[in-house]
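Here are some short exercises to work through with the structure open beside you. Try each task before you read its solution.

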Amino acid sequence: KLAALARVFLASSLIDEDRSLSCSRSLARRAAAAMDRGRRLASQTRGLDRPAGARVDGAVPASIALGDAAITLETITAVARGGAIVHLGEAAARAMRASRAVVDAVVAGGDDAPAVYGVNTGFGALAEVRISTEQIVELQRNLVRSHCVGVGEPLPRDDVRAMMFLRAAVLAHGKSGARPACCLALCDLLNHGVHPVIPRRG
């Protein structure tokens, strides 16, 4: 699982890189290193199902502050398999509040506010379609509904915990306009062992 996660990270982070032969060789070396690292971590943590706050091993933190340090495979493993406590760092909380203030200002501006993608416009092919002030709440509600559909067997607990942690980490960057409460809710769910059922496809 960690090896697969490493492949996803590499694919997403390297999508814009040059595809020359030298670059391909470099990517192959990096992918091999990530895969090897994932296998080592998997062997160290296989079979663990510890309560929140427990350490995976002596090198992994029992508490992780989102926004205070880069996310690594070790920290993902600590949360997904080791039950490390997750909380929102103060710097990240400030960044989230600042970006949320921008979104609130756009919404407060009503139909006279500038067009902001996903706030008062449609998504994807409808990015140029302006959404009226009266429809903004409905737009956001429909967006959530459209992402709540999936099929197939439920993902394993560790995978779900990793996904929840990574989403919280992304929000903690303070670039999306989400309120700190969204990130804190994910942290609370992780810390109390509450995991949604997530289908494998969707």
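**Exercise 1.** Which residues of strand 2 lie on its covered face, and which on its uncovered one?

*Solution.* This is a predicted model, so begin by finding strand 2 at residues 85–88. Next, sort its residues by face: Val86 and Leu88 belong to the covered face, while Ile85 and His87 belong to the uncovered one.

**Exercise 2.** Find out in which sense strand 1 and strand 2 pair, and which residue of strand 2 stands opposite Ala65.

*Solution.* Start with strand 1, at residues 63–66. Its pairing with strand 2 runs over four bridges, in the parallel sense. Now look across from Ala65: the residue opposite is His87, which you met on the uncovered face of strand 2.

**Exercise 3.** Describe how helix 6 and helix 7 are arranged relative to each other.

*Solution.* Two packed helices are described by an angle and a distance, both taken between their axes. Locate helix 6 at residues 157–171 and helix 7 at residues 180–191. Their axes come within 9 Å and cross at roughly 155°. Angles over 145 degrees count as roughly antiparallel, so helix 6 is roughly antiparallel to helix 7. As a last step, add the handedness: helix 6 passes helix 7 in a left-handed crossing.

**Exercise 4.** List the residues that meet between helix 6 and helix 7, then sort them by class.

*Solution.* From helix 6, take Arg161, Met164, Phe165, Arg167, Ala168 and Leu171. They meet Cys182, Cys183, Leu186, Leu189 and Leu190 of helix 7. Sorting this contact by class gives nine nonpolar residues, two charged ones and no polar ones.

**Exercise 5.** Is Ala95 buried, partly exposed or exposed, and which residues does it touch beyond four places away in sequence?

*Solution.* Ala95 sits in helix 4, at residues 90–108. Its relative accessibility is 28%. Buried would mean under 20% and exposed over 50%, so Ala95 counts as partly exposed. Leaving out residues up to four places away in sequence, Ala95 touches His173 and Gly174. Ala95 and His173 are 78 residues apart along the chain, yet their C-alpha atoms are separated by 7.0 Å.

**Exercise 6.** How many helices and strands does the protein have, and what pattern do they follow along the sequence?

*Solution.* Count seven helices and four strands. Then read them in sequence order to get α-α-β-α-β-α-α-β-α-α-β. To round off the picture, 34% of the 202 residues count as buried. Among contacts between residues at least 6 apart in sequence, 61% join residues at least 24 apart.

How values were computed. Residues numbered from 1 in each chain as written. Predicted model: local features only at pLDDT ≥ 70, side-chain atom pairs only at ≥ 80, totals over all residues. Heavy atoms only, no water. Axes fitted to C-alpha atoms, helices over the stretch in contact; angles between N-to-C directions. Helix = DSSP H or I, 4+ residues; strand = E, 2+ residues; numbered from the N terminus. Parallel < 35°, antiparallel > 145°, perpendicular 65-115°, else oblique. Left-handed = near helix turned anticlockwise from the far one by under 90°. Contact = heavy atoms within 4.5 Å. Nonpolar A, V, L, I, M, F, W, Y, C, P; charged D, E, K, R; others polar. Buried < 20%, exposed > 50% of the residue type's maximum accessible area, 1.4 Å probe, protein only. Pairing = 2+ DSSP bridges.
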